[in-house]
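Here are my notes on the fold, for you to read with the model open. I've kept to the sheet and the helices around it.

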Amino acid sequence: MSSDVVDAQPRSAAFGAWLSAAPMVEVINVHKSFGQTSVLAGVNLSVRQGEVVCIIGPSGSGKSTLLRLINHLESPDRGLVRVAGEIIGYEVVNDRLRERSEQDIARQRSQIGMVFQEFNLFSHLTALENVALGPIRVLRTPAGVARDEARTLLSRVGLRHRLHAYPASLSGGEQQRVSIARALALRPAVMLFDEPTSALDPERVDEVLEVIKSLAASGMTMIIVTHEIAFARDVAETVVFIDGGTVVEAGPCRSILTNPHHERTREFLKRVE
């Protein structure tokens, strides 16, 4: 683990209290570089339980990297991420941070559902089998119970009639809905969506967005990277605009999308709306 990750953290007598007073998701002064390229430069983000946050910004601004850091698919060079009160990827030992075991990181990831641009379904498994697999392997759910829960989730995303279909026979929108059901099957505390409609035909976009809207209405905590500004306007409570690896502007959806304060935000919205 980089010494910068450890040295950036407080070690006062109030360290335990500081750790316990957390929102559902908190990103604290996170930096990330790949080689000589700085991708994130001191990003801070706080998400309340049940809040829907949409992250917008130009390509290459660090949006997807931020999601991957929240899910610990990447490790921060500096700073930390907390979800549901736990530091992701690290644990506190004698008031210092130590990298968690792979098993413990896997446990944490099971609480952070992730839906990618690509569907990443197992091609040799049916929709039902794809959704049931995670609970069986990760949560040790009995197979029969996992399949029953998978049927319920696939019905929830409008795919009860496609339970036994293989990915190759599903449309892009259907595959993405299976991916959403698969993430939900692990009963996550928060859902992350990385441009969930970018790989879809335009006529399939709405069916996926409607599923995400229904999750928002149910009170699911969600962080959504999206280029669909109209969708962000419909679903988000908070909008975060990222450019050049930093948060340029963040605030209530209506304020950011209708009357942004920063000129860079205004320029971006004029180009994409």
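1. One definition before the sheet: two strands count as paired if DSSP finds at least two bridges between them. By that rule E11 and E12 are a pair, running antiparallel with six bridges joining them. Keep in mind that this is a predicted model.

2. Staying with that pair, E11 and E12 make a hairpin with two residues between the strands. Look at glycine 244 in the turn, where phi is positive, at about 60°. Further along the ladder, valine 240 sits opposite alanine 250 of E12.

3. Now the whole sheet. It is an open one, built from six strands in the order E8-E9-E10-E3-E11-E12, with mixed pairing. Strand E8 (112-115) and strand E12 (246-252) are the edges, each pairing on one side only. From one strand to the next, the twist averages 15°.

4. For the parallel part of that mix, go to E3 (residues 52-56) and E10 (residues 221-225), which pair in the parallel sense over four bridges. If you want one position to click on, valine 52 has methionine 222 in E10 as its bridge partner.

5. Which strands does helix H8 lie across? Helix H8 (residues 202-217) covers E3, strand E9 (190-194) and E10, and runs at about 145° to E10. Helix H11 (residues 263-272) also packs on the sheet, where it touches E3, strand E11 (238-243) and E12. The direction of H11 makes about 95° with that of E11.

6. On to the helix pairs, beginning with H7 (residues 172-184) and H8. These pack at an angle of about 20°, and their axes are 8 Å apart. Angles under 35 degrees count as roughly parallel, so H7 and H8 are roughly parallel to each other. Their crossing is right-handed. On the H7 side the contact uses Gly173, Glu174, Gln176, Arg177, Ile180 and Leu184, while H8 brings Arg204, Glu207, Val208, Val211, Ile212 and Leu215. How do these residues divide by type? There are six nonpolar, two polar and four charged.

7. Next, H5 (residues 127-137) against H6 (residues 143-156). The axes are again given as 8 Å apart, with a packing angle of about 125°, and H5 and H6 are therefore oblique to each other. This crossing is right-handed. H5 contributes Ala127, Leu128, Val131, Ala132, Pro135 and Ile136, and H6 contributes Ala143, Ala146, Arg147, Ala150, Arg151, Leu153 and Leu154. The split for this contact is 11 nonpolar, no polar and two charged.

8. H6 also meets H7. The two axes come within 9 Å and cross at roughly 135°, which makes H6 oblique to H7. H6 passes H7 in a right-handed crossing. Leu153, Leu154 and Arg156 of H6 meet Val178, Ala181 and Leu184 of H7. That contact comes out as five nonpolar, no polar and one charged.

9. A last pointer for your viewer session: follow the helices from H5 to H6, from H6 to H7 and from H7 to H8. From there, H8 takes you back to the sheet at E3, E9 and E10. Leu153 and Leu154 are worth labelling on the way, as they appear in the contact of H6 with H5 and in the one with H7. Leu184 of H7 likewise appears in the contact with H8 and in the one with H6.

Technical notes:
Residues numbered from 1 in each chain as written. Predicted model: local features only at pLDDT ≥ 70, side-chain atom pairs only at ≥ 80, totals over all residues. Heavy atoms only, no water. Axes fitted to C-alpha atoms, helices over the stretch in contact; angles between N-to-C directions. Contact = heavy atoms within 4.5 Å. Parallel < 35°, antiparallel > 145°, perpendicular 65-115°, else oblique. Left-handed = near helix turned anticlockwise from the far one by under 90°. Nonpolar A, V, L, I, M, F, W, Y, C, P; charged D, E, K, R; others polar.
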